[in-house]
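Here is a report on the internal spaces of one protein model, followed by a few single residues. Please keep the structure open while reading.

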Amino acid sequence: MRKLIWLGLMLGAVNAAEMPPEEEALPPHQLPTVEEAIPAPVKALGAPVAIEFKGGLELAVSGASEEVQRSVLQGLNHLHGGWEFEASRHFAVAMRADPECLLAHWGMVMATLVPTPETGKARNAAVDRMLELLEQGKGSKLERGYVYGLIKYLEEGPVSAGEAFRKVANEFPNDLQAPMLSALFSRTGYDELGSPTPDQERAEATLLALMKTQPESLLPVNALLVIRAEGANLAPSLELARSLCQRAPDYAPYRHLLGHYEWRCGGHKAASLAFGRATELYDLWLKANRATLADCPEWAKAECYRVVAMASLGDFETAAAAAQGLATTPLPEGRGQSAGVRMMLWETRTLPARLLMARGKPGDAARALAALPNPQSLKPYHAECMAFWWIDALRLVLETQRLAEAGKLDDARQAQEALSFHGTQMARAQQMALEIGERSAWTRAFKALEVLAYETRGKLSLAGPKAMRGAAYNWFRSAADSQRYAVMLYPPVVMSPELVRVGHFQLQDGKPGTALELFNETLEFYPNDISALEGARQTYEVMKQTANAAAVAERIKKLREQ
């Protein structure tokens, strides 16, 4: 309590007159040990191996030895490269070597900023130790500035943190890290039309300026690509992503980032290769460190994206076989609360079903339903991971679609009602997801469920009387309007562009001109999407534009030959 009040005074959030009488103070808080501030998964592995970071971060670290200096810099470079777990291992080395190194503790908190049940207690202990070291005056003025920025984030959120780091950057104009952190915390992304917000533009301008003043460093390049990754048009930045991997070809997070840019720009083959290389590098790391997939969620993330890229090429059978292999990969035992196992439960276990849903051939709903994990197999993880909410939602979506396809409309409507109820209950579980560190996965799944619920209602309406076709169109259009780009360098949850479904609907309704506009609109959002190209080809044939139909058919052929 005294520590928190002191912190409020430092930040100007508490007036000295508001200090409680000394007799009201709680007993002194016992400072956690260094070992308590290191997550158990980090302690379970051996010492990390240092790697060369071309154009990496260089700064003077207030530490007791050269080992501390090296370990903190390794951690910082991994942190800015997007590999938080590996960063935490190097910070742990520095903390053990020098328990009074402020920057090592700051780095550990940053690397575990979004805690899980496996890291939460250690992160809190690292925060306590960091605040104690700050109160003792440890670290340089610059390092204490980093801590104040992090405190602002923990107490007030990213906007205040961005402003705090901006002030640090102004005081230390030659520092690279503070302006990068200011940009990363203050950026606000893109609006509904895909245009960058004013804060996003300022963040990008900051990073572009750093790239000019420090052209040898790859970190501002990576940061810029990360904050641009959710934009509507990634093509202007594609060459930058390629150059990043040319300069640092063996860093797995950079390969994953390149794969994302290639896929979003329609280079599905190049994306598949980039994700494949990322998983190879993660495999090497797993073997070298005798780690398990519980410690490397990035592996599963890259593999899922690789499968999506293969499917985007039109190679469904190869993608489906790879997805099945991923879905049956054994889960590391006793690690249900780990980031890796959670990634596998949310993403890989549902991948075969979601692939079949995207293909959408007659009978695929039933096949996808059979591909989902058995409910009994998920029960041991109910207390550790909320993925079963998402898997049960998919089960209801697919059951509704299967029944509608079979013409059992009354049963399908009952399944639809069950899906609506499940969605309501899932919405109420949002706070629980936040508390156990699964807010991101929950949000991705819930937004995807919204799209699938609209789509399912459209299919149910389409299976009914002809008078319901208008309602079907409205549901399909709502699904398309709700679909958004995947965030945080994840592959899409709903793999098929919903606009394609709307286009086929218009084509069947005798409106080829409108259908063609929709297929072309899809291609603006998802370049080289095979389903949209096939729709355009069919539409040209209906319109008797044989030359255009042949040109699109040739384009599809070349894409598939990749």
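A cavity, on a 1 Å grid over the protein atoms alone, is a set of points where a 1.4 Å probe fits but cannot get out. A pocket is an open set with protein on both sides within 12 Å along at least five of seven lines. Lining residues have an atom within 4 Å of a point. Grid points are joined across faces, edges and corners, and a volume is the space filled by probe spheres set on the points.

The model is predicted: local features need pLDDT of at least 70, side-chain atom pairs count only at pLDDT 80 or more, and totals for chains, interfaces and linings use all residues. Residues are numbered from 1 along each chain as its sequence is written, and side-chain values use heavy atoms, with hydrogens and water left out.

**Confidence**

pLDDT is the predictor's confidence in each residue, from 0 to 100. The protein averages 93, and 95% of the residues score at least 70. Residues 1-26 stay under 50. For that stretch the model has 28 contacts beyond four places in sequence (contact means heavy atoms within 4.5 Å). Where pLDDT is low, the predicted coordinates should not be read in detail.

**Cavities**

There are four cavities of 30 Å³ or more. The largest has a volume of about 80 Å³. The second largest has about 70 Å³.

Helices (H or I, at least four residues) and strands (E, at least two) are DSSP runs, numbered from the N terminus. Helix H18 (351-359), helix H21 (387-405) and helix H24 (439-463) each supply at least two residues to the lining of the largest cavity. H18 gives the most, with three residues. Among the lining residues are Arg-354, Trp-390, Glu-455 and Arg-501.

Which helix gives the most to the lining of the second largest cavity? H24 does, with three residues. Trp-346, Glu-347, Arg-354, Trp-390 and Arg-444 are among the residues that line this cavity. Arg-354 and Trp-390 therefore appear in both linings.

**The second largest pocket**

About 1,300 Å³ of space lies in the second largest pocket. Of the 41 residues that line this pocket, the closest to its centre are Ala-358, Arg-359, Gly-360, Lys-361 and Arg-501. The elements that give two or more residues include H18, H21, H24, helix H26 (498-508) and H28.

The table sorts the linings by class. Ala, Val, Leu, Ile, Met, Phe, Trp, Tyr, Cys and Pro count as nonpolar, Asp, Glu, Lys and Arg as charged, and the others, Gly among them, as polar.

| Lining | Nonpolar | Polar | Charged |
|---|---|---|---|
| Largest cavity | eight residues | one residue | three residues |
| Second largest cavity | five residues | one residue | three residues |
| Second largest pocket | 21 residues | 10 residues | 10 residues |

**Single residues**

Most residues other than glycine have a negative phi. Asn-528 has a positive phi, near 65 degrees. Asn-528 lies in the loop between helix H27 (512-525) and helix H28 (530-542). Is Asn-528 buried or exposed? Asn-528 is buried, because its relative accessible area is 18% (buried means under 20%, exposed over 50%, partly exposed in between, with a 1.4 Å probe and protein chains only).

Lys-544 also has a phi near 65 degrees, again positive. Lys-544 is found in the loop between H28 and helix H29 (546-561). Lys-544 has 69% relative accessibility, so it counts as exposed.

Arg-70 lies in helix H3 (residues 66-81). Arg-70 is exposed, with a relative accessible area of 52%. The C-alpha atoms of Arg-70 and Ala-94 are separated by 8.3 Å, and the two residues are 24 residues apart along the chain.
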